[in-house]
Amino acid sequence: MDFTPGHSGQPSSFQTTEALMAVCPRAYARVEGFRAWWRHPVLACAVWFLAAASAASAATDFSDYSAFGSASSTTVSTIKIGALTDSETVITANTTATGDDITNLADEDGVTLPVSLVTGASGSFTVNVTNTSGASAFLNAWIDFNGNGVLTDAGEQVAANTVIATGTSNSNKTVSFTVPATATSGKVGVRVRLTSTSTPGSTGLSGNGEVEDNLVLICPAITISPTSLPSAAVGAAFTQTLTSSGGASPYTAAQILFCKSGDQVWDGSAEFMLR
Ligand SMILES: [Ca+2]
Ligand SMILES: [Ca+2]
Ligand SMILES: [Ca+2]
Ligand SMILES: [Ca+2]
């Protein structure tokens with residue numbers, strides 16, 4: 001690049017333009033907008049790069065469930081979910097919504113979900129919140145009931161701008177809702193945001209605060225009959241017919257056992273226990 005002065009003792013227009021376009025096109029745009037910088041293209045570049053670096057290093061907390069679009073807020077110690085919050089330079093989403101927990105601090109620590117939810121039944125979870133920012137903060141939460149990776153479907157926002165007053169510290173808030181009868185069975189994503197801004201939306205950058213993503217299991221409402229079996233005798237034949245109703249057939253043993261016992265792995269394969 002050539003910064004040879006032009007006829008007036010300044011960098012010539014062509015030379016300056018060529019150099020700036022080669023080094024930092026956005027800085028060139030700024031120079032075009034602020035002609036006072038015209039004589040100092042290198043300074044203009046330096047200022048732009050410093051500004052860009054400063055913006056990129058702003059402490060940001062990102063969501064971490066890869067099925068959802070990104071959500072983020074500027075990390076502050078005064079607005080947080082649970083005891084911990086931290087920041088990431090880039091989103092660390094994965095399929096188990098644990099990316100933030102395995103990056104820097106394990107700070108996805110403020111949402112307590114039940115072992116499972118049941119379609120068509122009431123449900124709830126708790127969110128531990130802190131807001132000492134000096135102004136109100138807002139709690140919003142969503143459950144992806146239909147499992148499509150989008151949280152804007154009808155009925156999926158389960159907390160909407162619940163006001164968390166300043167001066168709130170380590171306080172458990174209960175989020176209550178009814179699981180739609182049409183909710184998909186299996187694990188679905190849950191997103192909780194506490195932000196300085198109201199109506200942050202389920203995705204996107206919004207204000208100061210924190211976002212925590214988790215998964216929760218939704219079970220079909222299955223009734224099994226009979227609920228207990230008669231005693232068996234050693235050496236004697238034993239026959240018992242089990243019937244099931246409710247939920248969405250066909251049922252799998254994994255669905256039934258997981259949702260009834262709460263200690264099996266939801267993996268789509270049959271798992272049997274003898275007790
Ligand atoms: Ca947290
Ligand atoms: Ca973290
Ligand atoms: Ca959805
Ligand atoms: Ca998470």
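Which residue in S11 is the bridge partner of Arg 193? Hold that thought for a minute, everyone, and let me walk you through the model first.

What you have on screen is a predicted model. The protein chain has 275 residues, of which 33% count as buried. Its secondary structure comes to four helices and 13 strands. If you look at contacts with a separation of 6 or more, 62% of them are between residues 24 or more positions apart.

A word on confidence before we zoom in. The average pLDDT over the protein chain is 79, and 67% of the residues score at least 70. Residues 47-56 fall below 50, and that stretch has five contacts in the model beyond near neighbours in sequence. The other stretch I'd like to flag is residues 267-275, where pLDDT also stays under 50. There the model has 15 contacts beyond four places in sequence. As you know, coordinates should not be read in detail where pLDDT is low.

Now, back to my opening question. The partner of Arg 193 in S11 is Val 211. That bridge belongs to the pairing of S10 with S11, where the strands run antiparallel and ten bridges join them.

S11, which covers residues 204-219, has other partners too. Strand S2, residues 71-74, runs parallel to S11 and is joined to it by three bridges. Within S11, the residue opposite Thr 74 is Asn 208. S5 also runs parallel to S11, with two bridges between them. Over there, Val 118 stands opposite Cys 219 of S11. So that you can picture the side chains: in a regular strand they alternate between the two faces of the sheet.

Next, the inside. The largest nonpolar core has 32 residues, and the ones touching the most other members are Val 127, Leu 139, Ala 141 and Leu 194. Several strands supply at least two residues each, including S6 (122-131), S8 (157-164), S10 (186-195) and S11. The largest share, six residues, comes from S7.

Let's click on Val 127. Setting aside neighbours within four places in sequence, Val 127 contacts Ile 81, Gly 110, Val 111, Leu 139, Ala 141, Lys 173, Val 175 and Val 192. Leu 139 and Ala 141 were on the list of residues touching the most other core members as well.

Let me finish with three residues for the backbone enthusiasts. Asn 161 has a phi near 55°, a positive value in a residue other than glycine. Asn 161 sits in strand S8. Is Asn 161 buried or partly exposed? Asn 161 has 15 other C-beta atoms within 10 Å, so the residue counts as partly exposed.

Thr 199 is the second one, again not a glycine, with a positive phi of about 50°. You'll find Thr 199 in the loop between S10 and S11, the two strands of that antiparallel pairing. Thr 199 is exposed, because there are just 10 other C-beta atoms within 10 Å.

Finally, follow S11 to the loop that leads to strand S12 (223-225), and you reach Ala 221. With 16 other C-beta atoms within 10 Å, Ala 221 is partly exposed. Ala 221 and Ser 185 are 36 residues apart in sequence, yet their C-alpha atoms are 9.6 Å apart in space.

That's my tour. Thanks for listening, and I'm happy to take questions!

Technical notes: Residues are numbered from 1 along each chain as its sequence is written. Chains are lettered from A and ligands numbered from 1 in the order in which they are written. This is a predicted model: local features need pLDDT of at least 70, side-chain atom pairs count only at pLDDT 80 or more; totals for chains, interfaces and linings use all residues. A residue is buried if 20 or more other C-beta atoms lie within 10 Å of its own, exposed if 12 or fewer, and partly exposed in between; C-beta atoms are placed from the backbone. Two residues are in contact if their C-beta atoms, placed from the backbone, lie within 7 Å. A nonpolar core is a set of buried Ala, Val, Leu, Ile, Met, Phe, Trp, Tyr and Cys residues joined through C-beta atoms within 7 Å. pLDDT is the predictor's confidence in each residue, from 0 to 100. Two strands pair if DSSP finds at least two bridges between them.
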